[in-house]
Amino acid sequence: MKVAQRAIKTTVIKLSLIVVGMFGFGFAMVPLYDVFCEVTGLNGKTNSEAYQYQSTSAVVDKSRKITVQFITNLGEGAQWEFKPVVSQIKVHPGQLKSVEFFAKNPTNTTRSSQAVPSISPSEGTIFLQKTECFCFEQQTLQAGEEVVMPMRFVIDQEIPKHIKKLTLSYTLFDVTESSTEKVATNMDS
């Protein structure tokens, strides 16, 4: 009987460790997936840091142009107006280009948002480098306020020849609650 109880106890401990391990793995999957996607460009995720453009060493490939299309979406619960000023442009690889996006907070309260970029085809993700972008930080607008936000980018000259078009999509998420919590936390410190 003692042998059976010891076997049951061992099995329960092993199963408990497996459950804890599975929970830990599941909890770590989201940040690991985000890092993996950012490094590989999988799923259209782009680098969240500014690219350092060196105009002195930049070589513009004037033999071809890439069409860059801009699309905007609102995340669930976002009440902003958000759109690109121009829907697409043609760019020579290596050429630094600027575009603008319009945003308006039509509500009666101050709202904060965060834009999350995605590029398709995903193969082109690593070749579109942003030097300045409203997506690098949260944007806070007062009630009724509107703003034109710049985004500067360059397409790497090494972009494969078969890629003729990139679609840069931004989804704007309302992060007002988390932004308010950060302010409150900073004031308590």
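How many aromatic pairs does the structure hold? The structure holds seven aromatic pairs. Rings of Phe, Tyr and Trp (its six-membered ring) count as a pair if their centres lie within 6.5 Å; planes under 30 degrees apart are stacked, over 60 edge-to-face, and the rest tilted.

This is a predicted model, in which local features need pLDDT of at least 70 and side-chain atom pairs count only at pLDDT 80 or more, while totals for chains, interfaces and linings use all residues. Residues are numbered from 1 along each chain as its sequence is written, and side-chain values use heavy atoms, with hydrogens and water left out.

Start with one of the pairs. A pair of aromatic rings is described by the distance of the centres and the angle of the planes. F70 and F101 form an edge-to-face pair, 5.8 Å centre to centre and with 90° between the planes. F70 sits in strand β1 (residues 66–74) and F101 in strand β4 (residues 96–104), so the pair ties together parts that are 31 residues apart in sequence. Strands here are DSSP runs (E, at least two residues), numbered from the N terminus.

Are these two rings buried or exposed? F70 is buried, with a relative accessible area of 4%. F101 is buried too, with a relative accessible area of 0%. Buried means under 20% relative accessible area, exposed means over 50%, and partly exposed is in between (1.4 Å probe, protein chains only).

F101 has another ring partner, Y170. Their centres are 5.3 Å apart and their planes stand at 80°, so this pair is edge-to-face. Y170 belongs to strand β9 (residues 165–174) and F101 to strand β4, so the pair ties together parts that are 69 residues apart in sequence. Both F101 and Y170 are buried. Ring pairs link F70, F82, F101, F134, F153 and Y170 into a cluster.

Now turn to the sheets. Strands of a sheet pair through backbone hydrogen bonds, either parallel or antiparallel. Two strands count as paired if DSSP finds at least two bridges between them.

One open sheet has five strands in the order β3-β1-β9-β5-β7, with mixed pairing. At its edges stand β3 (88–91) and β7 (139–141), each with a single partner strand, so one side of each is left without a neighbour in the sheet. Neighbouring strands of this sheet are turned by 30° against each other on average, direction ignored. Axes are lines fitted to C-alpha atoms, for helices over the stretch in contact, and angles run from 0 to 180 degrees between N-to-C directions. Inside the sheet, β1 and β9 pair in the parallel sense over eight bridges. L74 has L172 in β9 as its bridge partner.

Another open sheet has four strands, ordered β2-β4-β8-β6, with antiparallel pairing. Its edge strands are β2 and β6 (128–133), each pairing on one side only. From one strand to the next, the twist averages 25°.

Look along β2. In a regular strand the side chains alternate between the two faces of the sheet. In β2 (residues 81–84), F82 and P84 point to one face and are buried, while E81 and K83 point to the other and are not. Four bridges join β2 to β4 in the antiparallel sense. P84 stands opposite F101 in β4.

At the other edge, β6 runs antiparallel to β8 (residues 146–155) and is joined to it by five bridges. Q129 stands opposite V154 in β8.

Finish with the cysteines. The structure holds one disulfide, a pair of cysteine sulfur atoms within 2.5 Å. C133 and C135 form it, with their sulfur atoms 2.5 Å apart. The link is right-handed, with 130° about the S-S bond. C133 and C135 are both buried.
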